[in-house]
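Here is a short note to read beside the model. Take the points in order and find each residue as you go.

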Amino acid sequence: MPHLTRRPAWSKLQESSTWLEAPFSDELLAHRNRELCDYTQRISYEMARSGRAPRPVRVYADGIYDLFHQGHARQLMQAKNVFSNVYLIVGVCSDRMTHSKKGRTVMNEVERYEAVRHCRYVDEIVRDAPWEVDEDFMERHKIDFIAHDDIPYGSDDSNDIYAKWKAKGMFVATERTEGVSTSDIVARIVRDYDIYVRRNLARGYSAKDLNISYLSEKKIRLQNKMHELKDRGKRVMDSIGERKDDMIAKWEEKSREFIENFLLLFGKERLTNIWHESKGKILNALSTSESPDPPGSPTSSEDFDFLEDGVPPRKAPRYESRSAPPACSSSNYSQLLYDDYSDEEDSFASAQS
């Protein structure tokens, strides 16, 4: 009888194939595949490697597969391609087993089962897989080889739970993917805890959903608003920076146009005349000019009627009548008359000299 596996459902109208998820080990399809396998025909490593196996080689890989990632997928891909005709069985440990042996998981066991069974390389899923594989488990699932990375996995009773199968030649090694693991992903989440809390609050989660206090929720929402304003301002500045070159080019073009229009309006000769006129006005404003003469004052020596001996006549006193001098003594009054005409005598003496 032909070997049963997950075959594509071909459509008469389409050339593409549709694959089903891998069955669980207790489902009918997996049960029929085990019945069709003649486990009395033992397959050695050399036989499987050369491609001379009389039936599909049943390879078993196990793990926890929490936060199923590309490292898990690559491990299963290697197990699927370790030989030419492989039927890949994957065992996934339960929550009870995992929490007791390794600690708490992010995904529960149902989520982890579903994540693995939808991987394209997997042909069958074993739920609640044992931490250590024994002879009875190997016989019940008709397993030819165990695929796992070669790093020793210790337990309470052994330094390497795969040591027995390595000794029997029923172990094939796969390689770990460097730089990615479930622990690394969890560490990233813990490190950036505030960022993910803000993100989930913005997406509609409540403080109760995220197990944070009311005050923490309000604080984080305020931080979200601040980050939003900061990002908006950055986008505005970036848009201005992109238009900066265009703004400078337009400004230079406008400035050249303004200068050209200015020169055309005034011309070289007109600018020269404006300069000279402005220069003359500035110099006249800065130069020292004589004060204007008061009305009735003589402007030159020709206005004086000199006496015969060459002495100019005395100027009239400042007061309208000599009969009403200001109230002061005679000596002071004589001195006042003297002082009143002393400037004219000094001026005349200077002219004579």
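1. Start with Phe68. Phenylalanine 68 is partly exposed, at a relative accessible area of 26%. That label applies because the value falls between the 20% limit for buried and the 50% limit for exposed. Keep in mind that this is a predicted model.

2. Now look at the partner of Phe68. Phenylalanine 68 forms an aromatic pair with tyrosine 65. The ring centres are 6.3 Å apart, and the planes meet at 45 degrees, so the pair counts as tilted. Tyrosine 65 has a relative accessibility of 3%, so it is buried. The structure holds eight aromatic pairs.

3. Stay with Tyr65 for its backbone. Tyrosine 65 sits in the loop between S1 and H3. Its phi is near 60 degrees, a positive value in a residue other than glycine. Most residues other than glycine have a negative phi. Asparagine 211 also deserves a check: its phi is positive, about 60 degrees, although it is not a glycine. Asparagine 211 lies in the loop between helix H10 (207-210) and helix H11 (214-286). Is asparagine 211 buried or exposed? At 71% relative accessibility, asparagine 211 counts as exposed.

4. Next, a second ring pair. Phenylalanine 83 and phenylalanine 145 form a tilted aromatic pair, with 5.1 Å between centres and 50 degrees between planes. Which parts does this pair tie together? Phenylalanine 83 is in the loop between H3 and strand S2 (86-92), and phenylalanine 145 is in strand S4, so the pair links parts that are 62 residues apart in sequence. Both phenylalanines, 83 and 145, are buried. Tyr45 joins Phe83 and Phe145 in one aromatic cluster.

5. Two rings carry a charge over the face. Arginine 127 lies over the face of phenylalanine 24, 3.8 Å from the ring centre. Lysine 166 places its charged end over the ring of phenylalanine 171, at 5.0 Å from the centre.

6. Turn to strand S2. How many of its residues are buried? Seven of the seven residues in S2 are buried. Val86, Leu88, Val90 and Val92 point one way from S2, while Tyr87, Ile89 and Gly91 point the other way. S2 pairs with S1 in the parallel sense, over seven bridges. Find isoleucine 89 in S2: it is the bridge partner of tyrosine 60.

7. The largest pocket comes next. Its volume is about 750 Å³. The lining has 31 residues, and Ile64, Tyr65, His72, Lys102 and Tyr153 lie nearest the centre. Strand S1 (57-63), helix H3 (70-80), strand S4 (145-149) and helix H8 (182-191) each give two or more residues to this lining. By class, the lining of the largest pocket has ten nonpolar, 14 polar and seven charged residues. Note that Tyr65 is back: the buried tyrosine of point 2 is among the residues nearest the pocket centre.

8. End with a glycine. Glycine 179 lies in the loop between strand S5 (171-174) and H8. Its relative accessible area is 65%, so glycine 179 is exposed. How far apart in space are glycine 179 and glycine 71? Their C-alpha atoms are 9.0 Å apart, although the two glycines are 108 residues apart in sequence.

Methods:
Residues numbered from 1 in each chain as written. Predicted model: local features only at pLDDT ≥ 70, side-chain atom pairs only at ≥ 80, totals over all residues. Heavy atoms only, no water. 1 Å grid on protein atoms, 1.4 Å probe; cavity = no way out; pocket = protein on both sides within 12 Å on 5 of 7 lines; lining within 4 Å. Points joined across faces, edges and corners; volume = space filled by probe spheres on them. Helix = DSSP H or I, 4+ residues; strand = E, 2+ residues; numbered from the N terminus. Nonpolar A, V, L, I, M, F, W, Y, C, P; charged D, E, K, R; others polar. Phe/Tyr/Trp six-rings, centres within 6.5 Å; stacked < 30°, edge-to-face > 60°. Buried < 20%, exposed > 50% of the residue type's maximum accessible area, 1.4 Å probe, protein only. Lys NZ or Arg CZ within 6 Å of the ring centre and 35° of its normal. Pairing = 2+ DSSP bridges.
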